[in-house]
Amino acid sequence: MRNTELLIPASSLEVLKTAVLYGADAVYIGGEMYGLRAKARNFSREDMEAGVKFAHENGVKVYVTANIVAHNEDLEGIREYFRELKEIGPDALIISDPGVFMIAREECPDIERHISTQANSTNYATYNFWYAQGASRVVAARELSLAELSEIRANIPEDMEIEAFVHGAMCISHSGRCLLSNYFTGRNANMGACTHPCRWKYYVMEESRPGEYLPVEENERGTYIFNSKDLCMIEHIPDLLEAGVDSLKIEGRMKTALYVAAVTRTYRRAIDDYKTSPDLFKKNLDYYREEIAKCTYRQFTTGFYYGKTDENSQIYDANTYIKEYTYIGIVQDIDENGWCKIYQRNKFSVGETIEVMLPDGSNKNLPVLAMEDGDRNSVESAPHPKQEIWINFGEALERGFLLRRKE
């Protein structure tokens, strides 16, 4: 069996540190330009330098996305950007555009180059093409089945790596190349500005009856006909590893630290359990399902891994997430008496029970015995987001631990 990497998204330096603490082998991030998540907070140069330093100190790799479909006016800026990245020293660049790939090869010859899923790599000949150009890894097109991935593995060099998405939102368009956002709003999905019109509500209008809007299904609320369920392969880790996938990639560079912590530690445990013993993996299947269900999600599908998708892969009656837990905050500091400092994200009060998420996959339920504000004055609740709060749980925790509350 090949070495298996767990690759986690990070929208900010805080989330990167969470991914590292909760079990990532590698983290992928975007700079302020040239990635496909323009609405994400992304990383300034200073944060990127700090993130790469923190990750490397903890034995974790960092990959930087530069996977836009570039236009002429982008090329010189991309060249300058890669010169900056050469100084920062990430472990790889994720690229979809052949021209951008050539610039990266010229400017950052010592940084690995990975081919983005946006490049639509669906066969082993394409993998071999990119290998000949100097790519060390290709991110599989999401339309590939496990059988196709196994065939690709058998027909590419041993040191060529396959990365595949295993969890998160699914784009409705082929390998993420979508024109809906550009058409409806003028915001180009292939330049990182997608407005996600696939999640909007749609009706059908028959040509001879203009103005009469018919739901695609008999539902007075219309239908979310383009709205895919979220991918989840937590129950199928053995099949992914046996197919020869080197890197299991979680989607979500706009997700919170809470989401990243929950998904990372669950997939980390599932991978490690299977490698320890297939029987241990089977024994813990219910645990994996329960923990993944505590994340926000849209219902789950296995995507194309077991064949073509059908009507069961779509959601027709809503576009909202299922949410069972509220994010409270991250432990930022501990004082000499064991009080924990957080920057609170949602309201909570003295007397409530808070769930502490431990990196090993277990949880600890602790009552809030007392609270103080940033000036160390006693308070009964924390109503304002990002408020500095000190909490007495009756025991000290560790920096970086995530806190949440069941809805």
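The chain has 11 helices and 23 strands. The structure is a predicted model. Of its 407 residues, 55% count as buried. Among contacts between residues at least 6 apart in sequence, 68% join residues at least 24 apart.

**Strands 1 and 2**

Strand 1 covers residues 5–9 and is joined to strand 2 by 3 bridges, with the two strands running parallel. One pair in this arrangement is I8 of strand 1 with V27, its bridge partner in strand 2.

Strand 2 spans residues 26–30, and 5 of its 5 residues are buried, so this strand is largely enclosed by the rest of the structure. In a regular strand the side chains alternate between the two faces of the sheet. In strand 2, A26, Y28 and G30 point one way, while V27 and I29 point the other way. The residues of both sets are buried.

**A residue in strand 5**

H114 lies in strand 5, which is made of residues 112–115. With a relative accessibility of 1%, H114 counts as buried, because the cut-off for buried is under 20%. Leaving aside residues up to four places away in sequence, H114 touches Y63, the run A92, L93, I94 and I95, the pair S136 and R137, and E163.

**Two helix pairs**

Two packed helices are described by the angle between their axes and the distance between the axes. The table gives these values for two pairs.

| Helix pair | Angle between axes | Distance between axes | Crossing |
|---|---|---|---|
| Helix 3 (residues 75–88) and helix 4 (residues 98–107) | about 40° | 9 Å | right-handed |
| Helix 9 (residues 257–276) and helix 11 (residues 285–292) | about 165° | 9 Å | left-handed |

Helix 3 and helix 4 pack at an angle of about 40°. That makes helix 3 oblique to helix 4. On the side of helix 3, the contact is made by L75, I78, R79, F82, R83 and K86; helix 4 contributes V100, I103, A104, E106 and E107. By type, the residues of this contact divide into 6 nonpolar and 5 charged, with no polar ones.

Helix 9 and helix 11 pack at about 165°. Helix 9 is therefore roughly antiparallel to helix 11, since an angle over 145 degrees counts as such. In this contact, V263, R265, T266, Y267, R269, A270 and D273 of helix 9 meet Y287, Y288, E291 and I292 of helix 11. The residues of the contact of helix 9 with helix 11 comprise 6 nonpolar, 1 polar and 4 charged.

**A four-stranded sheet**

Strands of a sheet pair through backbone hydrogen bonds, either parallel or antiparallel. Here, 4 strands form an open sheet in the order 13-23-17-18, and the pairing is antiparallel. Strand 13 (325–330) and strand 18 (363–367) are at the edges. Each of these two has a single partner strand, so one side of each is left without a neighbour in the sheet. Neighbouring strands of the sheet are turned against each other by 35° on average, with direction ignored.

At one edge, strand 13 is joined by 5 bridges to strand 23, which consists of residues 402–406 and runs antiparallel to strand 13. Among the residues paired there is Y327, whose bridge partner in strand 23 is R404.

Terms used:
Residues numbered from 1 in each chain as written. Predicted model: local features only at pLDDT ≥ 70, side-chain atom pairs only at ≥ 80, totals over all residues. Heavy atoms only, no water. Pairing = 2+ DSSP bridges. Axes fitted to C-alpha atoms, helices over the stretch in contact; angles between N-to-C directions. Parallel < 35°, antiparallel > 145°, perpendicular 65-115°, else oblique. Left-handed = near helix turned anticlockwise from the far one by under 90°. Contact = heavy atoms within 4.5 Å. Nonpolar A, V, L, I, M, F, W, Y, C, P; charged D, E, K, R; others polar. Buried < 20%, exposed > 50% of the residue type's maximum accessible area, 1.4 Å probe, protein only.
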